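Visitor: Could you help me learn to read a protein model?
Guide: Gladly; let us look together.

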Amino acid sequence: MNQLRKHVDELFKEIPDSGKKATIMQEVMQNLEEKVLDLMEQGKAEDDAINKTIVEFGDIEDLKKELDVKLPAKNNLRKLNLGYSIWGSFLIISLFIFINLYYTPNVIWFVYPTFAVLWWPLTMYFSWKKAKKG
Amino acid sequence: MVIITLLGRVVYVQGSVYLIRSDIIRGHLDSIILCLVLEKDRYGYEISKEISLRTDNKFQIKEATLYAVFQRLEKKDLIESYYGSVSKGGKRKYYRITTLGKAYLKETAEEWKVTKEIIDLFMEGLN
């Protein structure tokens with residue numbers, strides 16, 4: 001039965017601990033143990049019975065959904081990326097403007113690299129927006 | 001042996017018995033379990049065994065799915081649970097249907113009747 005307990009523990013590993021989780025685990029354990037005993041009564045060896053029980057249990061994706069397992073918030077990270085890209089591009093563009101005006105004040109060329117750099121925050125902005133929507 | 005049909009449905013072939021884990025049944029699991037609990041108070045393993053028995057093993061519910069359904073039904077106050085006496089393996093958790101559950105079941109039964117009539121209009125006589 002130890003093998004069964006281990007398997008159930010493994011299945012519930014990702015679900016955050018709560019009173020509800022403990023109750024369900026206890027219920028699942030009780031029912032699975034009963035199934036194993038039932039199968040053994042029908043003439044199966046203990047190992048066979050345990051294996052069959054584990055295979056027939058299935059995966060617990062549905063159960064996770066019912067227990068409201070929240071997916072880790074990725075949105076915050078995206079927001080951070082957006083902020084970083086805005087600051088980063090601002091600094092790079094400032095550098096171009098400075099070099100342009102300081103060394104070649106007669107030729108305005110900083111606009112070209114500015115356009116290239118702006119793709120960075122633009123991409124991050126839409127990535128953030130997409131995450132917010134989804 | 002596992003055969004995946006054209007529709008992407010997984011059909012398990014065991015001897016000559018086809019085990020169909022179809023999405024169609026999935027949508028009616030709540031009703032199936034409510035029906036079983038309506039007959040008498042039952043516990044988890046008893047329900048999964050009863051389903052296999054009555055369908056002659058054509059449909060077997062995965063235990064993990066079963067507990068998800070229990071959670072859902074209990075949250076909606078359609079069933080309630082209590083602990084029974086200690087038996088082999090420990091304390092069994094029994095489920096009983098609530099008044100709300102009975103009303104819900106009656107409604108879904110009516111709904112199923114209509115659904116069946118509609119599908120039959122198209123599917124009957126095809127085989």
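Visitor: How much area does chain B expose, and which atoms supply 57% of it?
Guide: Accessible areas come from the Shrake-Rupley method with a 1.4 Å probe, and for residues only the protein chains shown count as cover. Chain B exposes about 8,200 Å², with 57% supplied by carbon and sulfur atoms. This is a predicted model, where local features need pLDDT of at least 70, side-chain atom pairs count only at pLDDT 80 or more, and totals for chains, interfaces and linings use all residues. Residues are numbered from 1 along each chain as its sequence is written, chains are lettered from A and ligands numbered from 1 in the order written, and side-chain values use heavy atoms, leaving out hydrogens and water.

Visitor: What share of chain B counts as buried?
Guide: Buried means under 20% relative accessible area, exposed over 50%, and partly exposed in between (1.4 Å probe, protein chains only). Of the 127 residues in chain B, 35% are buried.

Visitor: Is A:D38 buried or exposed?
Guide: A:D38 is buried, because its relative accessible area is 11%. Its C-alpha lies 8.6 Å from that of A:A49, 11 residues away in sequence.

Visitor: And A:K133, buried or exposed?
Guide: A:K133 has 78% relative accessibility, so this lysine counts as exposed.

Visitor: How much do residues 24 or more positions apart account for among the chain B contacts with a separation of 6 or more?
Guide: A contact means heavy atoms within 4.5 Å. In chain B, residues 24 or more positions apart make up 43% of the contacts with a separation of 6 or more.
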